[in-house]
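Student: Can we go through the empty spaces in this one? I'd like short answers.

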Amino acid sequence: MATTASKLPSPARHDSLGIPMHAPGSRLSKATNKYKDTHPVPEKPHVGPDIEAYKSAHSKTVGPHSDAWWAQQARENLSWTRDFTTVRTGGFPTAEELKEGQDPSTLPITWFPDGNLNACYNCVDRHAFQNPDKTAIIYEADEPGEHKYISYGMLLNEVCRVANVLKGMGVKKGDTVTIYLPMTWQAAAAFLACARIGAIHSAVFAGFSSESLRDRIIDCGSTVLITADEGRRGGRSVATKVIADQALKECGDANPVKHVLVLSRTGSKTVAEQHFTPGRDVWWHEAIADVPAYCPPAEVNSEDGLFILYTSGSTGKPKGILHTTGGYLLGALLTVKYVFDVHPGDKFACMADIGWITGHTYIIYGPLALGTTTTFFESTPVYPSPSRYWETVSKHGLTQFYSSPTAVRLLRKLGHQHVQDHDLSSLRVLGSVGEPINPEAWNWYSEHVGKGECAVVDTFWQTETGSIVVTPLPGAIETKPGSATVPFFGIETQVLDSMTGKPQEGENVEGVLCIKNPWPSIARTIWGDHKRYIDTYLRPYPGYYFTGDGAARDEHGYIWIKGRVDDVINVSGHRMSTAEVESALLLHNGVAETAVIGTPDEMTGQAVNAFVTMKPEFTYDSEPALAKELVLQVRKIIGPFAAPKKIFIVGDLPKTRSGKIIRRILRKIVAGEGDQLGDLSTVAEPEVVEVIKKKVAESA
């Protein structure tokens, strides 16, 4: 792997899409509002004057002649040690290829398959060689005033040392490493150290329980776990190492972990004295002190695995989504550049957690591949006050701000007085991610945070897509609060009839959202289960990628995301399957049956509601106490974010004569539509429905 900047191209200038780019700080005159009920582009962003520029650019990125455009983007924006000659192979299998006896895996999706590169080199080295003192990471610690600025030179040193530690632990190219870290800047070093030596990292959200961590460690077979003594969030300590130890203990004989690298985040004496296993555990700071300060980056193929990230599935077993190196990195970089209008000198802030795909793509890989400054925010929006976000923006002069509708709704509820006393003039683009944002929250975000001058980009994408697939472009796309608007470059969306699978042509149509052709950052497989990958994403609608979301297309061609059509609940952007929560409840020794549903929630988008029947022989003192016990069980097995908002203890559940639980009835009752249940002729015991309606009414 070449290690000098002169041998590899530098990051591209921001002008190759053909969209007019304006100098940082310049302003556009306000565009004429073409569409009723849309917001014209504001003055502050400096990408392109109108939608015609977008349409012209987008047309070059799709269709039979788009390979040349993708090749140009890959060569201009990424540094390759071996150039590619093939842009892509494979595609989404047709109905014929999916027939019984056919093997769709013989037509793999690949991008730049004969090209070699290194993700860490692209994210760190080339920028450190060019400007080692430039800030790579703003680390906003949990306690105000404890922030740090990490330069690209400092990051390179830390990454190399951690990479050498991993090599000393026997980690080789293609091996997996599990990362269970809080939101500290060293998490970036852990990710990138794996990428540097060609290992595949599997990050697990530090809010997950020991059981969730255990299952993920076993599934991907990691021999090394990277964790911390404790985490800090909202003024409280989180027992990260204790949870990690419990997970390893629960692995039993299936435990593949031989080494545990422990970051000292709080310096906990309790962890050091009671939760440290000599011979297996080693302190991060001690380990990196004993290794060389430089580690040559490994040369990896574009299609070599970069990371595994687990997401919920309708069967209850989490899916290990595998992303590969070249295509993923290109998708991450391009979407940061164009969706957020990033220019040299900008300070980009995504307020997600690195345990989720948003943190992977828009805290670590996207901003750093582009050579911009990124932000690690360790705290919460309301600690120590509801002004924390805006104090952070003002203190660091952040230029882009990417958060969730849940956070926006919470801060709106607490009042705009917490925003108005802070200087937010550095902001140009506001982003929303994780779920559709309701118009009230969108307008508050735009008016009180953006002061009516910032673009608001409501982005739609998934763990499986790797990067944003539907979004406005700041300064080019007039926005509609609640709509993700138009496809990103290289994305061809299609709304299909859910029953026939036929495209819904024309205006004002609804159906399921699919994508017509592969794009570089699409996930390649489910770890260890390619058949499940085919069955989940490619088999439902042959020739398309199935997002699992319902959508509408309006009279202007804008996409409106309607939410999941499968049994997946989205709580504050955290996706979990109903089967996962049901499985956690069924582990209680008194639970006989359970049905979990997702219901609309003003604050979190969706909330978990559970209906539970108990075994006849099980006795309990009170329903409130039992419900609390069941909630704690879900928190313990999955994590706090999965805790049911309400648990209804019932005598029976509505079922068909064949015994299938009819969840649509439960959803309607909880939504207050108990008088609109429709045909109940398939319900085996209709009287059960009336009992449940009364139960829900009493709890209101």
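Student: How many cavities of 30 Å³ or more does the structure hold?

Tutor: Four. A cavity is a set of points on a 1 Å grid over the protein atoms alone where a 1.4 Å probe fits but cannot get out. Volume is the space filled by probe spheres set on the points, which are joined across faces, edges and corners. This is a predicted model: local features need pLDDT of at least 70, side-chain atom pairs count only at pLDDT 80 or more, and totals for chains, interfaces and linings use all residues. Residues are numbered from 1 along each chain as its sequence is written, and side-chain values use heavy atoms, without hydrogens and water.

Student: How much space lies in the largest cavity?

Tutor: About 80 Å³. Its lining has 13 residues, each with an atom within 4 Å of a point. Trp70, Gly331, Ser467, Phe488 and Phe489 lie nearest the centre.

Student: Which helix gives the most to that lining?

Tutor: Helix α10, residues 325–339, with four residues. Helices are DSSP runs (H or I, at least four residues), and strands are too (E, at least two), numbered from the N terminus.

Student: And what about the second largest cavity, how much space is there?

Tutor: About 60 Å³. Among its lining residues are Asn118, Cys194, Asp304 and Thr325. α5 (186–197) and β15 (305–311) each supply at least two lining residues.

Student: New topic: which residues lie nearest the centre of the second largest pocket?

Tutor: Tyr54, His58, Pro487, Thr493 and Gly557, out of 17 lining residues. A pocket is an open set with protein on both sides within 12 Å along at least five of seven lines. This pocket holds about 360 Å³ of space.

Student: Which element gives the largest share of its lining?

Tutor: α1, with four residues.
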